[in-house]
Structure formats: C-alpha cells, structure tokens
Amino acid sequence: MSGSTLILIALAGIFLLLFLVIRTKLHAFVSLLLVSLIVGVAAGMPLGDVIASIQNGMGGTLGFVAVVVGLGAMFGKMLEVSGGAERLAQTLVSKFGEDKAQWALGITGFIVAVPVFFDVGFIILVPIVYGLAKKTGRSLLYYGIPLLAGLAVTHSFIPPTPGPIAVANLIGADLGWVILFGVLAGIPAMILAGPVFGKYIAKKIHVTIPDYMEFEEIDTSKELPSFKMILSLILIPLVLILANTLSAVLLNEGNAVRDFLTFLGHPFVALTIATLLTFVFLGTRRGYSRDEVQEIATKALEPAGIIILVTGAGGVFKQVLIDSGVGDVLGEMMAGSPLPAIVLAFLIATVVRVAQGSATVSMVTAAGLITPLLEIQNITGAALGLIVIAIASGATVLSHVNDSGFWLVNRYFGLDVKDTLKSWTIMETIIGLTGFAVVFLISLFII
C-alpha cells in the first residue's frame with residue numbers, strides 16, 4: 001500500500017475518532033479501540049495481527065500506567081479524607097497573610113494536585129475561596145483563579161498525575177526528566193495564569209458566591225494532620241524519582257549507589273512507599289481502622305479506572321499505527337516538516353484538544369502520532385521529557401464548552417458562558433503557552 005494511502009487512512013482514523021467522541025458521544029475508550037481496529041484493517045494488516053497489536057498495545061501500556069495511576073489515586077484519596085489539602089491551604093494562607101492569599105492558594109493548588117485529581121482538589125478547597133471572598137468583598141476570581149491555576153498546572157505537567165504519566169509511557173520518557181521540566185515550566189505558568197492574571201480579571205469580572213451553592217466555612221478548629229507531614233508525604237515519591245534520574249546522569253553504570261537509587265526511585269517503588277506511609281500516618285494513626293483504610297483505597301480506584309482504560313486504548317492506537325506501517329509514513333512526513341518535533345507535538349495536542357475537549361484523549365492521541373517521528377529523529381533522554389510537557393501544554397490551551405473543567409468552574413463561580421471564556425479559558429491558555437515557551441527555550445540547548 002502506498003505511503004499516501006496510508007496517510008489518508010491515518011487522517012480518516014483521526015477524523016473518525018473526533019466524530020465518535022464529539023458527535024455520537026461514544027466513550028473515548030470504545031472510540032479509540034474501534035478506530036484502532038478500523039485503521040489496522042484498512043491499512044491491510046492481517047486480521048490476526050490487528051488483534052495481536054491491540055493486545056500488545058493495551059498490555060504494554062497498562063503494565064506501567066495501571067500501577068502508577070492506581071497507587072497515585074490511593075495516595076491522593078488518603079490525603080483528601082484526612083484533611084491534608086485543607087491543612088496545606090490553611091497553613092499557607094496564614095503564613096502569607098490575607099493580602100497575599102492569592103499566592104498561598106496558587107502554591108496550595110500546585111502542591112495538592114500532585115496526588116489529588118484536579119476536580120477533587122478544587123471541590124475540597126473552594127470553600128476557602130468563598131470564605132476569603134466573603135470576608136474581603138473581592139471577586140471570587142481574585143482567589144479562585146490562582147487556586148485553579150495551581151491545580152491545573154500540576155495536573156497537566158507533573159507526574160504522578162495521569163496525563164503526563166500516560167504520555168511519558170507512550171513515548172518512552174523518563175519520569176524524572178518529566179518532573180524536572182514540569183516544575184520548571186509549571187512555576188512561571190502558575191504565576192502568570194494565577195496571581196497575575198487573577199488580579200487582572202477580578203477587576204473586570206466581579207462575582208460573588210452563587211445563591212444555589214450551600215456554603216459552609218471550613219472548620220479551622222478541626223484537628224488536621226500537620227503541614228510538615230503532608231508536605232513530606234507529597235515530596236517523597238517526587239524526590240525518589242528525581243534521585244533515580246540524576247543518579248543515572250552522575251554515577252557510572254554498575255555503581256552500587258546508582259543501582260540502589262534506581263530501584264528506590266522507580267515509580268512503582270517510590271509510589272508504593274509513599275502510599276503505604278499515607279495508609280499509616282493519615283490512616284491508622286489518625287483513628288481509621290484497617291478496614292476503613294482498605295475501603296478508602298478501594299473507593300479511590302473508581303475514577304482511576306476510567307483514566308487507566310482510556311490511556312490503555314491510547315496505547316492500542318499507537319501500536320496499531322506502528323504495526324500497520326502508518327506510523328513510519330507519518331513519521332517520515334513530519335520529519336520533512338520545517339517545524340521541530342517539539343512544535344509539532346504541541347500543535348497536534350492543541351488541535352485534538354480544541355476539537356474534542358478531553359485533555360487525556362488529546363495527550364494520548366498526540367503521543368501516538370508523534371512517536372514515529374521521535375524514533376526517526378532518534379530523540380531520547382532528557383529531550384523526551386520536554387516533548388511530554390509540550391504535549392501537555394497543547395492539551396491544556398483553549399479549554400471551552402466541550403471540556404468538563406469549563407462547566408465545573410462555571411457552576412461553582414456562578415459565571416455565564418462569556419465570562420467563563422474570559423476567565424477560565426484564558427487562564428488555561430496562559431498555562432499552556434507559558435509551559436510550551438519554557439520547554440521550547442530549553443529544547444534549543446538539548447534537542
């Protein structure tokens with residue numbers, strides 16, 4: 001089959017995927033599997049090979065992603081039920097003072113979203129935003145946008161959140177580099193999209209607590225875990241994973257210290273340690289029975305299951321593209337483009353994001369399409385970490401009415417669609433563009 005025919009098959013597959021997700025509202029997991037089947041058959045693969053590609057793609061992806069996302073979800077749930085998120089927010093707001101509460105909320109969001117899903121973190125912490133706005137008379141956006149920016153940045157850029165985990169696995173990036181570049185890109189993105197933009201947009205749009213929201217101020221007298229404990233538990237897996245990556249750069253192969261840090265800093269081990277510590281320090285030591293801790297952990301896997309399956313289906317799509325030969329042709333076509341791989345990765349993710357709304361689907365689709373180019377251009381090591389953040393940036397920009405996050409903010413802040421576009425959508429776009437700008441500048445010295 002000619003290269004041009006394979007390209008047409010790939011493009012038709014992408015358009016079919018968008019049509020199924022957007023128009024027919026077919027679940028992304030089923031849509032990705034169906035499109036993978038159709039692309040494989042249309043590309044002339046033997047039917048048995050199509051099935052084998054689906055098995056290999058799903059198994060190869062979930063062997064890593066299911067473990068990391070599952071452990072991360074349990075870790076986050078323990079932080080949620082113990083009041084750890086509230087402790088972080090209360091301590092930081094107290095330290096920064098009311099005048100700089102914006103910065104405290106941005107930092108809180110940035111830290112909390114490492115183990116806690118974006119929407120859960122927002123719902124837990126929005127009463128603090130309500131309380132500050134009620135007390136000071138400022139617009140909800142003055143405090144809400146910084147919190148949202150902190151949550152959104154980490155949710156998109158820093159493992160073990162599902163998006164960057166999925167992309168890193170699909171393109172073969174080391175999580176240590178992803179964390180490092182995610183932090184480097186995320187800090188300026190959080191500052192610009194959070195306190196800076198929040199202060200500006202609050203002057204343009206004044207919103208108060210919606211009448212339909214039942215607002216109860218957080219009980220500050222309630223006994224919460226200590227700030228140092230919560231911060232330590234969140235940092236443990238990140239530090240271990242980074243130590244693994246740095247040891248590979250600084251120490252020779254075969255070195256006993258490097259071997260130990262490689263084992264300890266593997267995401268499986270690092271997250272298992274962190275999760276077990278949360279079970280003890282945020283669970284049994286705080287009065288939960290072992291059965292209750294088990295129930296909390298089980299409950300955490302419900303939302304994680306959907307993300308795991310969608311990511312697995314993204315791995316299937318990537319595998320079918322590679323095994324059918326479509327990936328090689330796509331890679332060669334993109335290699336002939338004057339645009340660098342990091343720019344193409346960002347643009348592909350942006351187009352899919354704007355079209356269908358889901359950041360996770362945007363990320364896994366972009367990763368599947370860009371992988372052949374990365375192999376052709378022999379992009380490896382730290383450069384792959386930059387590609388992950390570029391894809392995450394593209395999957396963040398221009399959130400609008402087809403994104404669930406858009407409506408979450410719309411409801412909790414009582415905004416109309418126009419004002420949600422002016423606040424939330426622009427905030428997300430600032431995050432994406434800033435993150436991409438940072439990694440693109442770094443790529444000039446690495447790729």
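Which helix gives the largest share of the nonpolar patch? Here are my notes on this and a few other features, bearing in mind that the model is predicted.

1. The nonpolar patch. H2 supplies the largest share, three residues. The patch is made by Leu34, Leu37, Ile38 and Ile51 and covers about 300 Å² of the surface. Two of its members are worth a look: Leu37 sits in helix H2, which runs over residues 28–42, and Ile38 belongs to H2 as well. Leu37 is partly exposed at 33% relative accessible area, and Ile38 is also partly exposed, at 40%. If you would like a distance to check in your viewer, the C-alpha atoms of Leu37 and Gly57 are 12 Å apart, with these positions 20 residues apart along the chain.

2. Salt bridges within a helix. The search of the whole structure turned up three salt bridges. One of them joins Lys77 to Glu80, with 3.5 Å between the closest N and O atoms. Both residues lie in helix H3 (residues 47–82), three residues apart, or about one turn of the helix. Glu302 and Lys299 form another, at 3.8 Å from N to O. This pair lies in helix H13 (residues 290–323), again with a spacing of three residues, about one turn. The spacing makes sense, because an α-helix has 3.6 residues a turn and residues three or four places apart point the same way. As for their surroundings, Glu80 is partly exposed with a relative accessible area of 24%, and Lys299 is partly exposed at 47%.

3. A salt bridge between helices. Glu428 pairs with Arg353, and their closest N and O atoms are 3.1 Å apart. Glu428 lies in helix H19 (residues 417–446) and Arg353 in helix H15 (residues 341–356), so this pair ties together parts that are 75 residues apart in sequence. Are these two residues buried or exposed? Both Glu428 and Arg353 are buried.

4. Helix H15 itself. The setting of Arg353 deserves a paragraph of its own. Of the 16 residues of H15, 12 are buried, so the helix is largely enclosed by the rest of the structure. The buried set includes Ala341, Ile342, Val343, Leu344, Phe346 and Ile348, along with the polar Thr350, Arg353 and Gln356. The length of H15 checks out too: at 1.5 Å a residue it should span 22 Å, and its end C-alpha atoms are 23 Å apart, which agrees.

5. A positive patch. Arg138, Lys199, Lys203 and Lys204 gather on the surface in a patch of positive charge. Lys203 lies in helix H9 (residues 175–204) and is exposed, with a relative accessible area of 68%.

6. Backbone points to inspect. Most residues other than glycine have a negative phi, and most peptide bonds are trans. Three places in the loops are worth viewing against that background. The peptide bond from Pro159 to Pro160 is cis, with omega near 15 degrees, and Pro160 is in the loop between helix H7 (140–157) and helix H8 (162–171). Lys25 has a positive phi, near 60 degrees; this residue is in the loop between helix H1 (3–22) and H2, and counts as exposed at 65% relative accessibility. Asn378 has a positive phi of about 55 degrees. Asn378 is in the loop between helix H16 (359–376) and helix H17 (382–394), and is exposed, with a relative accessible area of 58%.

Key:
Residues are numbered from 1 along each chain as its sequence is written. This is a predicted model: local features need pLDDT of at least 70, side-chain atom pairs count only at pLDDT 80 or more; totals for chains, interfaces and linings use all residues. Side-chain values use heavy atoms; hydrogens and water are left out. A salt bridge is a side-chain nitrogen of Lys or Arg within 4 Å of a carboxyl oxygen of Asp or Glu. Helices (H or I, at least four residues) and strands (E, at least two) are DSSP runs, numbered from the N terminus. Buried means under 20% relative accessible area, exposed over 50%, partly exposed in between (1.4 Å probe, protein chains only). Patches are made of residues with over 30% relative accessible area and no salt bridge: like charges are joined within 9 Å, nonpolar side chains (Val, Leu, Ile, Met, Phe, Trp, Tyr) within 5 Å. Accessible areas come from the Shrake-Rupley method with a 1.4 Å probe; for residues, only the protein chains shown count as cover. Lys and Arg count as positive and Asp and Glu as negative; His and the chain ends are not counted. The place of a charge is taken as NZ of Lys, CZ of Arg, CG of Asp or CD of Glu. The expected span of a helix is 1.5 Å times one less than its number of residues.
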